[in-house]
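These are my notebook entries on a structure I looked through today. I begin with an odd peptide bond and then turn to other things.

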Number of protein chains: 2
Amino acid sequence: MAISFEVVARCPDTGARAGVLTTPHGQIKTPIFMPVGTLATVKAMTVDELEDINAQIILSNTYHLYLRPGHELVAQAGGLHRFMNWQHPILTDSGGFQVFSLGDMNKVDEDGVEFRSHIDGSRHYFTPEKVMEIEAALGADIIMAFDQCAPWPCTREFAEAALERTTRWAQRCKDSQINPHSQALFGIMQGGTYIDLRKKSAEALVKMDFPGYAIGGLSVGEPKEVMYDVLSQCVDFLPDEKPRYLMGVGSADYLLTGTWFGVDMFDCVLPTRIARNGTAMTSQGRLTVRNASYARDFSPLDPDCACPVCRNYTRAYLRHLVKNNEILGHRLLSYHNLYHLLKLMEGARQAIIDGNFVDYYRQHLPLEEVDRYKKRKE
Amino acid sequence: MAISFEVVARCPDTGARAGVLTTPHGQIKTPIFMPVGTLATVKAMTVDELEDINAQIILSNTYHLYLRPGHELVAQAGGLHRFMNWQHPILTDSGGFQVFSLGDMNKVDEDGVEFRSHIDGSRHYFTPEKVMEIEAALGADIIMAFDQCAPWPCTREFAEAALERTTRWAQRCKDSQINPHSQALFGIMQGGTYIDLRKKSAEALVKMDFPGYAIGGLSVGEPKEVMYDVLSQCVDFLPDEKPRYLMGVGSADYLLTGTWFGVDMFDCVLPTRIARNGTAMTSQGRLTVRNASYARDFSPLDPDCACPVCRNYTRAYLRHLVKNNEILGHRLLSYHNLYHLLKLMEGARQAIIDGNFVDYYRQHLPLEEVDRYKKRKE
């Protein structure tokens, strides 16, 4: 087995757990947020900075790397770790989300998906077997099965067909996986917002016995309440002893609530994307530092943050950089936002271990946010 | 006096000298290249990285900071050092070059220059007194007098009028300087490519007894041979015991040849600007890493360079970043280029001290480059 997972502490009042996920490139303490390095670079960050902020694992995108620079080039470079000089764990997604959301005029059939590159319109074809070949070339520690991600909203019929196809493709991924001893293949649950379909998807995947499971097809536009409702129920369809990964969420509320429900891994471009638009994540919520009100504000971005950006720079200076599209502005806000989210998750993990996760949650979010989903143990 | 300058070693064969320039924010070992931080940020670099590569002094632009974020805001932040969190020496130029090259529809009269902002077309008026006020607000260690920079080519009449005005403005700057004990005001020599005008300009400035002198109006489009010819002669019009600053050059040949002639300080956006276009400065000359030929080149940018970029990343990876306009590509190339130039100048200084500057020059450039300008001592 490429990875192993151990739950080391559980919150007595919620589904939250603290774990250790051991991979070929090191251990990851869960719950964890994974910064996204779409094109083999977490935008605006060096790998040294990622180490500084204790990023334990990063995610990179199969679809994007396949198009640029090409998976064969990455393989020739010695794999993604060597190519980008990141010696810690990496997870690659399968491109399933991107071929449907970015690829123009995609055509799905049972064999796979034909899509056009969002860059130059060139035609490409992804099948489960092809994606396994690409992900093997990239060489991440954790790789994702090729899935059909249904949009929101979608009909029950569409969601069911997509999940059934995802199940069949998951089996084909498993059957064609190239390096099962050095790469852990995760299955992806689909089923839209239909709870019985989520259960059906999970049961089929669990029978195939993957080393970990992702929850796909959430955070694709549905309201937060719908998301929480579906997530709170479908987490339990996945085995307790395996890592659970909620794909594509990166805001404090989703991370802490997902942790509450029992999710171990999260990823999203949100912290680095909003950073480049001049928005900081702070202990008091989002702060759009490009706003005129900060022009002469010589206080730190987040007075409660211990990161070097908050220790060394003022809102006025950061606003000046962001307003003038200076790379340093993108850098400093990206650094701060990732630091903020990783610290948030470190705190959540410690709170689970210390037995006060509910208090920790309440310090950051109102309990009403989560209580109605009945995931608080009686 | 805000600064002092001591020559600690001289090349016996050329005009090159090694010096120590002491400023309110620390000592600078000359000859030195000054990275340019136009908008209170050396583009793509943090101040920590500038310290890592031993940048001893940086330059920032009065024209740009006056427009964005405004010198009053910088003063309110506690001055440029505090605003940008750089605790080492800073030099600000006077805007003289920018109001003529960037400001649209500028109108010069004896009092000053009316110009339109290159950003929003708004009208502004710079006089020597106004520039002294702005530079005092910014609070750099070394500030430049407001000059009229003549273009190349220009007639003798134009060059003479511009230098005469520059001389009168230099006196007005001196008379209106606000903090002479904490900021050193440098005069700027003009005179185009007319040697006798250069001499006239220098003599007038030297009479005013500035703590340092700049050579302006070179590297404004004239051929390299013209530049070397004028520079080699006009350096000697400036006093030996004061620092000499050649404005706006940043390529290895200009830096080493300027050093040969007796220049102590240089600045230019070149290393960071070409970095953002995907070009590296290397021991073998410029390398345009975005070229297709480097797509699968897994060797370092410059095998002779010890910087972290060259130790940790391949040309193939850097090309991938640059091609995709990734901020990390701009960062890594900017870092490398500045490291390269600063190391080049550290080496030149050490060679002057060790008495082998001519050999050092020859390792980097053909001696023919400089020999014909008769600056090699007999």
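Entry 1, peptide bonds and phi. I found B:Pro69 in the loop between α2 (62-67) and α3 of chain B; helices (H or I, at least four residues) and strands (E, at least two) are DSSP runs, numbered from the N terminus. The bond from B:Arg68 to B:Pro69 is cis, with omega near 5°. In chain A I noted another cis bond, from A:Thr30 to A:Pro31, with omega near 0°. A:Pro31 sits in the loop between β3 (26-30) and β4 (32-35) of chain A. I also looked up A:Asp209, whose phi is positive, near 60°. A:Asp209 belongs to the loop between α8 (195-208) and β12 (213-215) of chain A. I wrote these down because most residues other than glycine have a negative phi, and most peptide bonds are trans.

Entry 2, the source. The model is predicted, so I note that local features need pLDDT of at least 70 and side-chain atom pairs count only at pLDDT 80 or more, while totals for chains, interfaces and linings use all residues. Residues are numbered from 1 along each chain as its sequence is written, chains are lettered from A and ligands numbered from 1 in the order in which they are written, and side-chain values use heavy atoms, with hydrogens and water left out.

Entry 3, chain B against chain A. I read that 34 residues of chain B are in contact (heavy atoms within 4.5 Å) with 34 residues of chain A. The two chains bury about 3,100 Å² between them, 56% of it on carbon and sulfur atoms; buried area is the accessible area (1.4 Å probe) that two parts lose on being put together, summed over both. In chain B, the residues that lose the most area to chain A are B:His320, B:Ile327 and B:Arg331, together 18% of what that side buries.

Entry 4, salt bridges. I used this cut-off: a side-chain nitrogen of Lys or Arg within 4 Å of a carboxyl oxygen of Asp or Glu. There are 4 salt bridges between chain B and chain A. B:Lys43 and A:Glu326 form a salt bridge through their side chains (2.5 Å, N to O). Over all chains, the whole structure has 44. Within chain A, A:Glu49 pairs with A:Arg331, the closest N and O atoms being 2.9 Å apart. A:Glu49 lies in helix α1 (residues 47-52) and A:Arg331 in helix α14 (residues 327-354) of chain A, so the pair ties together parts that are 282 residues apart in sequence.
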